[in-house]
Amino acid sequence: HLEDVYISYGTTTIEDKAFYFCKKLANIHIPDSVTTIMAGAFMHTGFSNITIPYSVVAFGSDMFWGCSNLTSVTLRCNITKIRYHTFYDCTNLKEVTIPSSVTSIDIYGVFENCTSLATIYCKPVVPPTCGEAFLEDTPEDRKIYVPMESVEAYKSAEYWSEYADSIVGYDFSE
């Protein structure tokens, strides 16, 4: 059973469903050479947290579908779009960090059945386009942390405005 995986440096793509149903997979180490992660690469894996490196510029849909052990995801990558069903059915996911490069969040299923998602760090200065009720399956008391200078933009942006009471300014300077 795969429990700890180190992807070789020089690898540029993690293929479709590469680790599909690797329920015992506890840790995955992704090198900075990886630029693309294909659809469903980590579906139904067993890890509890993951960091996607800066080098990644694109990833497919269904990325973490059914990762019920997943509690934290940090997307440090340079993706522009979060695809449909990315976090679908991640029932224990508590925290997500969305990188500043994101300009759109697909209209359906991204956070569907993420019933524990309490904290979203959303770094884009301009609110990403998204669909109606894209956070509908998340807890009512969730917090969405956005750049200080963007609070009003998020609170008035289409669909984000549905969650205005959850939006809080945050200093992302590191």
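**Exercise 1. Work out how Asp 62 sits in the model: is this residue buried or exposed, and what is its phi?**

Solution. Start with accessibility: Asp 62 has a relative accessible area of 15%. The cut-off for buried is under 20%, so Asp 62 counts as buried. Bear in mind as you go that this is a predicted model.

Next, place the residue in the fold. Asp 62 belongs to the loop that runs between strand E6 (58-59) and strand E7 (72-75).

Finally, check the backbone. Asp 62 is not a glycine, yet its phi is positive, at about 60°. As background, most residues other than glycine have a negative phi. Ala 133 is also a non-glycine residue with a positive phi, of about 55°. You will find Ala 133 in the loop between E11 and strand E12 (143-147).

**Exercise 2. Describe the fold of the protein chain: how many helices and strands does it have, and in which pattern?**

Solution. Begin by counting elements: there are 13 strands and one helix. Then read along the sequence, which gives β-β-β-β-β-β-β-β-β-β-β-β-α-β.

Now turn to overall dimensions. The radius of gyration is 15 Å, close to the 16 Å that the globule rule gives for 174 residues, so the chain is as compact as a globular protein of that length. The C-alpha trace spans about 45 × 30 × 25 Å along its principal axes.

Two further values complete the picture. Of the 174 residues, 50% are buried. Taking contacts between residues at least 6 apart in sequence, 37% join residues at least 24 apart.

**Exercise 3. Find the disulfides: how many does the structure hold?**

Solution. The structure holds zero disulfides. To see why, take Cys 114 and look for the closest cysteine sulfur. That sulfur belongs to Cys 90 and is 5.2 Å away, too far for a bond; the cut-off is within 2.5 Å. Cys 122 is in no disulfide either, with the sulfur of Cys 130, its nearest, 8.9 Å away.

As a last step, compare accessibility. Cys 114 is buried at 0% relative accessibility, and Cys 122 is buried with 0% as well.

**Exercise 4. Search for salt bridges: how many are there, and which residues take part?**

Solution. The search of the whole structure yields one salt bridge. Its partners are Lys 81 and Asp 106, whose closest N and O atoms are 3.2 Å apart.

Now map the partners onto the fold. Lys 81 is in strand E8 (residues 81-82), while Asp 106 is in the loop between strand E10 (104-105) and strand E11 (119-122). The two residues are 25 residues apart, and the pair links distant parts of the chain.

Then look at the surroundings of each partner. Lys 81 is partly exposed, with a relative accessible area of 29%, whereas Asp 106 is buried at 13%.

**Exercise 5. Survey the aromatic rings: how many pairs are there, and what geometry do Tyr 20 and Phe 21 adopt?**

Solution. The whole structure contains 15 aromatic pairs. In one of them, Tyr 20 and Phe 21 meet edge-to-face, with centres 5.0 Å apart and 80° between the planes. Both members are partly exposed: Tyr 20 has a relative accessibility of 39% and Phe 21 has 44%.

For a second pair, turn to Phe 42 and Phe 47, which are edge-to-face with 5.8 Å between centres and 70° between planes. Here Phe 42 is buried at 0% relative accessibility, and Phe 47 is buried at 0% too.

Next, widen the view: Phe 42 and Phe 47 belong to one aromatic cluster with Phe 19, Phe 64, Phe 87 and Phe 111. Before leaving the rings, return to Tyr 20: Lys 17 lies over its face, 5.3 Å from the ring centre.

**Exercise 6. Locate Met 38 and list what it touches: which residues are its contacts?**

Solution. First, find the loop: Met 38 lies between strand E4 (36-37) and strand E5 (49-52). With a relative accessible area of 30%, Met 38 is partly exposed.

Then list the contacts, leaving out residues up to four places away in sequence. Met 38 touches Thr 13, Ile 14, Glu 15, Asp 16, Gly 60 and Met 63.

To finish, set sequence beside space: Met 38 and Ala 18 are 20 residues apart in sequence, and their C-alpha atoms are 8.4 Å apart.

Terms used: Residues numbered from 1 in each chain as written. Predicted model: local features only at pLDDT ≥ 70, side-chain atom pairs only at ≥ 80, totals over all residues. Heavy atoms only, no water. Buried < 20%, exposed > 50% of the residue type's maximum accessible area, 1.4 Å probe, protein only. Salt bridge = Lys/Arg side-chain N within 4 Å of Asp/Glu carboxyl O. Helix = DSSP H or I, 4+ residues; strand = E, 2+ residues; numbered from the N terminus. Phe/Tyr/Trp six-rings, centres within 6.5 Å; stacked < 30°, edge-to-face > 60°. Lys NZ or Arg CZ within 6 Å of the ring centre and 35° of its normal. Rg over C-alpha atoms; globule rule 2.2 N^0.38 Å. Contact = heavy atoms within 4.5 Å.
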